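I opened this entry to keep track of what I looked up, in the order I looked it up.

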Amino acid sequence: MNIKGVSGYIYRITELVMQFAYLQLLWIIFVIIGLGAFGIFPSTAAMFSVVRKWIMGEVDVPVFKTFWKTYKTEFIKVNGLGWILVAIGWLLYIDLHFFTFGESMGSSIFKIVTLLITYFYVTTCIYFFPIFVHNHYRFFDYIKYSFLFSAASPLKSAGIFIISYAIYYLLMKVPVLFLFFCGSTISYIWMWYVYRSITSFHSPKHEQSDKK
């Protein structure tokens with residue numbers, strides 16, 4: 001269909017909105033199919049695999065086919081890694097709430113160290129899914145490289161976190177928009193930023209390991 005001018009622009013915007021809403025709907029459905037706890041990580045990886053294709057210029061990628069392929073092929077691996085990250089996050093939560101009391105110098109130092117580790121944990125999680133869908137690595141290397149990328153650009157990582165939180169906060173004001181666009185919008189922003197970081201840092205060896 002040849003649509004030009006303002007009409008073409010409006011059509012493209014409408015098409016993008018529908019694609020983001022459809023992708024978010026797939027995420028919700030497949031989280032439910034995975035019984036919630038076991039569906040959230042593969043569904044999120046599948047979502048990132050689709051937005052990765054969009055960012056790489058494959059605007060006509062079959063959304064459902066790409067989503068389903070990633071969901072079923074990476075189900076076990078991404079669940080394993082995802083629950084490791086959850087366990088790490090839970091340990092940090094316990095440290096912050098139960099082992100950082102007191103006004104002593106030792107307690108203050110421990111709290112600062114824990115907060116610093118928590119910051120890198122959060123930014124590592126931001127990098128995790130984009131790196132997971134973009135490269136083939138050994139099991140624990142996904143977490144290792146996610147941390148290394150977050151540590152390499154701490155200020156930029158903080159910036160993407162702030163932008164993501166701002167979008168989350170604004171969409172929370174309109175529950176319908178939050179339901180249909182929060183995950184897909186934030187995943188696109190994360191993937192766009194991390195993809196640029198990955199391509200700028202890639203060595204030839206890593207380029208050969210890119211996922212198709």
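I began with one pair of side chains: aspartate 141 and lysine 144 form a salt bridge, with N and O 3.5 Å apart. The model I am reading is a predicted one. I looked up where the two residues sit, and both are in helix α6, residues 141-152. They are 3 residues apart there, about one turn of the helix.

Next I checked accessibility. Lysine 144 has a relative accessible area of 39%, so I noted lysine 144 as partly exposed. Aspartate 141 has 12%, and since buried means under 20%, I entered aspartate 141 as buried.

I then looked for another partner of aspartate 141. The side chain of arginine 138 also meets aspartate 141 in a salt bridge, at 3.3 Å from N to O. Arginine 138 is exposed, with a relative accessible area of 64%. I wrote the result down as a network of salt bridges that links Arg138, Asp141 and Lys144.

How many salt bridges does a search of the whole structure find? I got 3. One of them joins lysine 53 and glutamate 58, whose closest N and O atoms are 4.0 Å apart. For lysine 53 I noted a relative accessibility of 14%, which counts as buried. For glutamate 58 I noted 36%, which counts as partly exposed.

Lysine 53 turned up again when I listed the contact of α2 with helix α3. I started that part with the geometry. The axes of α2 and α3 (residues 63-73) come within 8 Å and cross at roughly 135 degrees. I therefore recorded α2 as oblique to α3. The crossing is right-handed. On the α2 side the contact is made by Pro42, Ser43, Ala45, Ala46, Met47, Ser49, Val50, Lys53 and Trp54. On the α3 side I listed Val63, Thr66, Phe67, Thr70 and Tyr71. I sorted the residues of this contact into 9 nonpolar, 4 polar and 1 charged.

At what angle do α2 and α4 pack? I found about 110 degrees for α2 (residues 40-55) and α4 (residues 75-98), with the axes 8 Å apart. Angles of 65 to 115 degrees count as roughly perpendicular, so I put α2 and α4 down as roughly perpendicular to each other. α2 passes α4 in a right-handed crossing. From α2, the residues that meet α4 are Phe41, Pro42 and Ala45. From α4, I listed Phe75, Val78, Asn79, Gly82, Trp83 and Val86. This contact divides into 7 nonpolar residues, 2 polar and no charged. I noted that Pro42 and Ala45 appear in the contact with α4 and also in the contact with α3.

I stayed with α4 for the last lookup and picked leucine 81, which lies in that helix. Is leucine 81 buried or exposed? Leucine 81 has a relative accessible area of 0%, so the entry reads buried. Leaving out residues up to four places away in sequence, I found that leucine 81 touches Phe128, Phe132, Phe139, Tyr142 and Ile143. For Phe139 I also looked up the spacing. Leucine 81 and phenylalanine 139 are 58 residues apart in sequence, and their C-alpha atoms are 7.7 Å apart in space.

Conventions
Residues numbered from 1 in each chain as written. Predicted model: local features only at pLDDT ≥ 70, side-chain atom pairs only at ≥ 80, totals over all residues. Heavy atoms only, no water. Axes fitted to C-alpha atoms, helices over the stretch in contact; angles between N-to-C directions. Helix = DSSP H or I, 4+ residues; strand = E, 2+ residues; numbered from the N terminus. Parallel < 35°, antiparallel > 145°, perpendicular 65-115°, else oblique. Left-handed = near helix turned anticlockwise from the far one by under 90°. Contact = heavy atoms within 4.5 Å. Nonpolar A, V, L, I, M, F, W, Y, C, P; charged D, E, K, R; others polar. Buried < 20%, exposed > 50% of the residue type's maximum accessible area, 1.4 Å probe, protein only.
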